[in-house]
Amino acid sequence: MKKQTYTTPNEYGYYGSFGGAYIPEMLHRNVEELKTRYLDIINDPSFKKELDELLADYAGRPTPLYLAKRLSAQFGTNIYLKREDLCHTGAHKINNTIGQILLAEKLGKKRIIAETGAGQHGVATATVCALKGIQCIVYMGEKDIERQAPNVARMKMLGATVVPALSGSKTLKDATNEAIRDWINHPDDTHYIIGSVVGPHPYPDMVTLFQSVISKEIRAQLKEKTGTELPSSVVACVGGGSNAAGAFYHFLDEKEVELVAVEAAGLGVNSGQSAATSQLGRPGILHGSKSLLMQTEDGQVVEPHSISAGLDYPGIGPLHAHLFETGRAKFLSATDQEAVEAAFNLAKMEGIIPALESSHALSALTRLSFSKNDHVVVCLSGRGDKDLATYMKYIK
Ligand SMILES: *Cc1c(COP(=O)(O)O)cnc(C)c1O
């Protein structure tokens, strides 16, 4: 039996008391196929070779680890930005979709489905489907299709079919339901690309492994720059938790490295308009795994709120629920306003316009204390181009 650690769930996909595969019986076959084959496939040397080549030549890895000098002076320490914003398509999401499209090929799948809220994961999925000439269907709530027109246009230009989800609140959870329905109806030829460290086992582990390239690079780059492989702290924002899982992975079992997860507080943790799951959530089952989620007394999912679409999710992945429960990671949150302030600060101090999601991680710097010889790494998960319409409302 596989021993469960922070880096590896047990054979049933549990990290502590969180994880598992709570799925309808009709999905069992699909998930079982993945579960029995994913590790053999991704550990195969030919798979690794193709993955490494695409990460380098297509996604643009390794991304720089940049010592932000003016920001460092502001906080009285050494702050390094892991520049996932420089990845192709503008964020870390491409690391996972490249991995999963190669896996789908090895499984002999001819059709890809995905669900998307803001459209960022939809774009990253449509991108790799175009790269491989594989059919791509993206489910998206009708309301989100209206709100996220540029990403809908990108997906269509990349050759994907965008299918509106018309039920319920017409947002992400309804799109997820449609994608699951599709997968049940196409068990043989279709792979479902989930965009974060959520969903039934093996998705949280699989997506973590694909994103772990982030911390693998951080270790090597920090060693080269400072002589030490271990930063004092790693700070990352958490929506579902994939960029944080990737940035933490190679430090999870290094107890001296402080891990800081930053959630979206929205209008304030206790405002009723928040997405700070670790603070507000209770154990429950969402999208196929047991984790912490925001829910009513009778177990209905509470609509989250965040200024950043990527953090606007009512749950967190099971690894993060475990990191929270065991105290291995420190969980902080940043409000909409605080995130915007951190974004403007980075733009002025370093000439980098961050994604609103990443700005939540940056905002946490104001609430941490450092000494002058510390090495603090912030995962800059994405670039801010997509958020310009929001930022414009704050430009005086
Ligand atoms: C989607 C997204 C996130 C949130 O997703 P995680 O799975 O929590 O990483 C964070 N930053 C950016 C730029 C995103 O696009």
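In this tour a residue counts as buried under 20% relative accessible area, as exposed over 50%, and as partly exposed in between. The structure on display is a predicted model, and every stop below should be read with that in mind.

**First stop: helix 8 and its charged side chains**

Select Lys-173 and Asp-174 to begin. These two side chains form a salt bridge in which the closest N and O atoms are 3.4 Å apart. Lys-173 has a relative accessible area of 33%, so this residue falls in the partly exposed class, whereas Asp-174, at 3%, is buried.

Next, select Glu-178 and Arg-181, which both lie in helix 8 and are three residues apart, about one turn of the helix. Their salt bridge brings the closest N and O atoms to 3.2 Å. Glu-178 counts as buried because its relative accessibility is 19%, and Arg-181, with 47%, counts as partly exposed. Elsewhere, salt bridges that share partners join Arg-61, Lys-82, Glu-84 and Glu-217 into one network, and it is worth displaying those four side chains together.

Now add Arg-111 to the selection along with Asp-182. Their side chains meet in a salt bridge with an N to O distance of 2.8 Å. This pair links distant parts of the chain, since Arg-111 sits in strand 5 (residues 111–116) and Asp-182 in helix 8 (residues 172–185), 71 residues apart. Both Arg-111 and Asp-182 are buried. For the model as a whole, the count comes to 19 salt bridges.

**Second stop: the ligand**

Which residues come nearest to the ligand? There are 16 residues around the ligand, and those that come nearest are Lys-93, Ser-196, Gly-239, Ser-242 and Ser-381. Select Gly-239 and look at its backbone, where an N or O atom lies 2.7 Å from an oxygen atom of the ligand. The backbone of Asn-243 also supplies an N or O atom, this one 2.8 Å from an oxygen atom of the ligand. At Ser-381 the contact is made by the side chain, with a polar atom 2.7 Å from a nitrogen atom of the ligand. Taken alone the ligand exposes 380 Å², and the protein buries 97% of that.

**Third stop: backbone geometry in the loops**

Most residues other than glycine have a negative phi, and most peptide bonds are trans. With that background, select the bond from Arg-61 to Pro-62, which is cis with omega near -5°. Pro-62 has its place in the loop between helix 2 (45–57) and strand 3 (65–67). Another cis peptide bond runs from His-201 to Pro-202, with omega near 15°, and Pro-202 is found in the loop between strand 8 (190–192) and helix 9 (203–211).

Move on to Thr-89, which has a positive phi of about 75° although it is not a glycine. This residue is found in the loop between strand 4 (78–83) and helix 4 (93–106), and Thr-89 counts as partly exposed because its relative accessibility is 27%. His-287 likewise has a positive phi, of about 50°, although it is not a glycine; look for His-287 in the loop between strand 11 (282–286) and strand 12 (289–293).

**Fourth stop: the surface and the overall span**

Show the surface and select Ile-353, Leu-388, Met-392 and Ile-395, which make a nonpolar surface patch of about 400 Å². Ile-395 is found in the segment after helix 16 (388–392). Is Ile-395 buried or exposed? With a relative accessible area of 54%, Ile-395 is exposed.

To gain a sense of distance across the model, select the C-alpha atoms of Thr-161 and His-375, which are 214 residues apart along the chain and separated by 45 Å. Thr-161 has its place in strand 7 (residues 161–165), and at 41% relative accessibility Thr-161 counts as partly exposed.

Finally, select residues 59–382, the range that an unreviewed UniProt entry annotates as "domain: Tryptophan synthase beta chain-like PALP". The end C-alpha atoms of residues 59–382 lie 13 Å apart, and the span is 40% helix and 21% strand.

Technical notes. Residues numbered from 1 in each chain as written. Predicted model: local features only at pLDDT ≥ 70, side-chain atom pairs only at ≥ 80, totals over all residues. Heavy atoms only, no water. UniProt positions renumbered as here; feature names shortened; annotations may be inferred. Helix = DSSP H or I, 4+ residues; strand = E, 2+ residues; numbered from the N terminus. Patch = residues over 30% accessible without salt bridge, like charges linked within 9 Å, V, L, I, M, F, W, Y side chains within 5 Å. Areas by Shrake-Rupley, 256 points an atom, 1.4 Å probe, with all protein chains shown as cover. Buried < 20%, exposed > 50% of the residue type's maximum accessible area, 1.4 Å probe, protein only. Near = heavy atom within 4 Å. Polar contact = N/O pair within 3.5 Å; in protein donor to acceptor, adjacent residues only side chain to side chain.
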